[in-house]
Amino acid sequence: MRKILFILWSLFFIHQLQGQDRLFSQFYASPLTLNPALTGAFEGKFRVSSIYRDQWRQEMEKPYATFSSALDLRWRMGRNTSKYQDHAAVGVMFFTDKAGPLQFGTSQISISAAYHKALDIRNTQILSLGFQAGIAQRNLNFGNITFEDQFNGTTGYTDPTSERFPENNFAYGDYSVGLNYVFAPKASRIRVFAGAAMHHFLSPSVSFYRQTDNDSPLDDNILDVRYSGQLSAQLPLTQKVMLLPRAIFDKQGNHMKLDAGTNFRFNASDYKNVAIHLGAYVRPVAGLDNSYRMDALVGLVGIEFNNVLIGTSYDYYLGATSNFGRGAFEISVAYLGEYEDDLILCPKF
């Protein structure tokens, strides 16, 4: 009975996943999944980043695992003598996740491009526009499901089933666009970041079932447009301590999510680029019934060492969601190549 209930819950879980997006608590550690305008928004010539999330391991034989990796590059536009320091950037991002005994999975590869425009002659304000295009594939493994007509009457479920399954994989195009604004006055170490993005703006169908007359996907199960907004800042408290508040808002169909909290950045060395990050966040959400609840508390620890960034975080689920498992673990690693001290900045973790 427990196994049957677990499979039923997994089917319900997959249905819920059809209309929702990937989630990373270290949102700025995966910038190309957050906002296409963050492509190339870093202090260097290139960036290589990866992030892994492991969720609900206590309750699932095969937990909900998510992995993303990206490479982006940027270069100076115009003449080097120009007072306006504009930059262009391109990037490639790979994403995959799998969930439950049916191994419901999504894999995607995307190409993104962004332009970072200086708005004033002192280069204290940067406006970025980014676009991302990709192809995604979704798949299921029906091999782990058994039905009552497969019972052979003696030893187990070995007979064939009369159940009819759809194709277990399909592909679709996916497109996103975003803006990002940076205010970085030279007279102080204060930085302000604000961004907005629109993901899946063509609302592709994500149905495993096809229309029988023309083999086109059904329109009753589409991937809703996801609208997101990001707001963060860098506020110096002392010469060695920074306060880094940030808030990330997402709205997709009837689902809403807000991550809000702060990091503290402690400079650990006067001679080397070594810093420690400690942070905490809360995540209120709203679902299909338009009710609001506190979904999770998130704790984060990160380290900067020269050009390398390493972050770990843990989500502790609250309320009904805690029945799915005690939490989720994330680890991220990034490397900045040919590091520069420039104004096109992106918050870390």
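Which residue in S4 is the bridge partner of Ala99? In this predicted model, the partner of Ala99 in S4 is Phe104, and the pair is a convenient place to begin. S3 and S4 run antiparallel and are joined by 13 bridges. The hairpin that these two strands form has four residues between them, and Gly100 in that hairpin takes a positive phi near 75°.

On its other pairing, S3 meets S2, again in the antiparallel sense, over 12 bridges. One of the positions where this can be followed is Arg74, whose bridge partner in S3 is Ala89.

These strands also contribute to the surface. A nonpolar patch of about 980 Å² is made by Val48, Phe67, Leu71, Leu73, Trp75, Val90, Val92, Phe94, Ile109, Ile111, Ile135 and Tyr335. The elements that give two or more residues to this patch are strand S2 (64-76), strand S3 (87-99) and strand S4 (104-118), and the largest share, four residues, comes from S2. Phe94, one of the patch residues, has its place in strand S3, and because its relative accessibility is 36%, Phe94 counts as partly exposed.

From the surface the reader can turn to the interior. The largest nonpolar core has 10 residues, namely Leu102, Phe104, Ala136, Leu140, Ile145, Phe170, Tyr172, Val206, Phe208 and Leu223, so that Phe104, the bridge partner of Ala99, appears here again as a core residue. Ala136, also in this core, is in contact with Ser107, Gln108, Phe170, Ala171 and Tyr172, if its neighbours within four places in sequence are left aside. A second core, separate from this one, has nine residues and includes Ala41, Tyr281, Val298 and Cys346.

Two residues deserve a look for their backbone angles. Most residues other than glycine have a negative phi. Asn123, however, has a positive phi near 60°; Asn123 is placed in the loop between S4 and strand S5 (125-139), and with a relative accessible area of 3% it counts as buried. Phe349 likewise has a positive phi, near 60°, and is found in the segment after strand S14 (327-337), where Phe349 is buried, with a relative accessible area of 3%.

Charged side chains supply a further set of links, for the structure holds 13 salt bridges. In one of them, the side chains of Asp72 and Arg47 meet at 2.6 Å, N to O, and this pair links distant parts of the chain, with Asp72 in strand S2 and Arg47 in strand S1 (residues 46-55), 25 residues apart. Both Asp72 and Arg47 are buried. Strand S1 takes part in another such link through Arg53, which forms a salt bridge with Asp315, the closest N and O atoms being 2.9 Å apart. Here Asp315 lies in strand S13 (residues 308-317), and the two partners are 262 residues apart; Asp315 and Arg53 are both buried.

A further salt bridge brings together the side chains of Arg283 and Asp295, at 3.8 Å from N to O. Arg283 lies in strand S11 (residues 274-286) and Asp295 in strand S12 (residues 292-305), so this pair ties together parts that are 12 residues apart in sequence. Arg283 is buried, as is Asp295. Through salt bridges that share partners, Arg53, Arg226, Asp250, Lys257, Asp259, Arg283, Arg293, Asp295, Asp315 and Glu330 are joined into one network.

Methods: Residues numbered from 1 in each chain as written. Predicted model: local features only at pLDDT ≥ 70, side-chain atom pairs only at ≥ 80, totals over all residues. Heavy atoms only, no water. Patch = residues over 30% accessible without salt bridge, like charges linked within 9 Å, V, L, I, M, F, W, Y side chains within 5 Å. Areas by Shrake-Rupley, 256 points an atom, 1.4 Å probe, with all protein chains shown as cover. Salt bridge = Lys/Arg side-chain N within 4 Å of Asp/Glu carboxyl O. Buried < 20%, exposed > 50% of the residue type's maximum accessible area, 1.4 Å probe, protein only. Pairing = 2+ DSSP bridges. Core = buried A, V, L, I, M, F, W, Y, C linked by side-chain atoms within 4.5 Å. Contact = heavy atoms within 4.5 Å.
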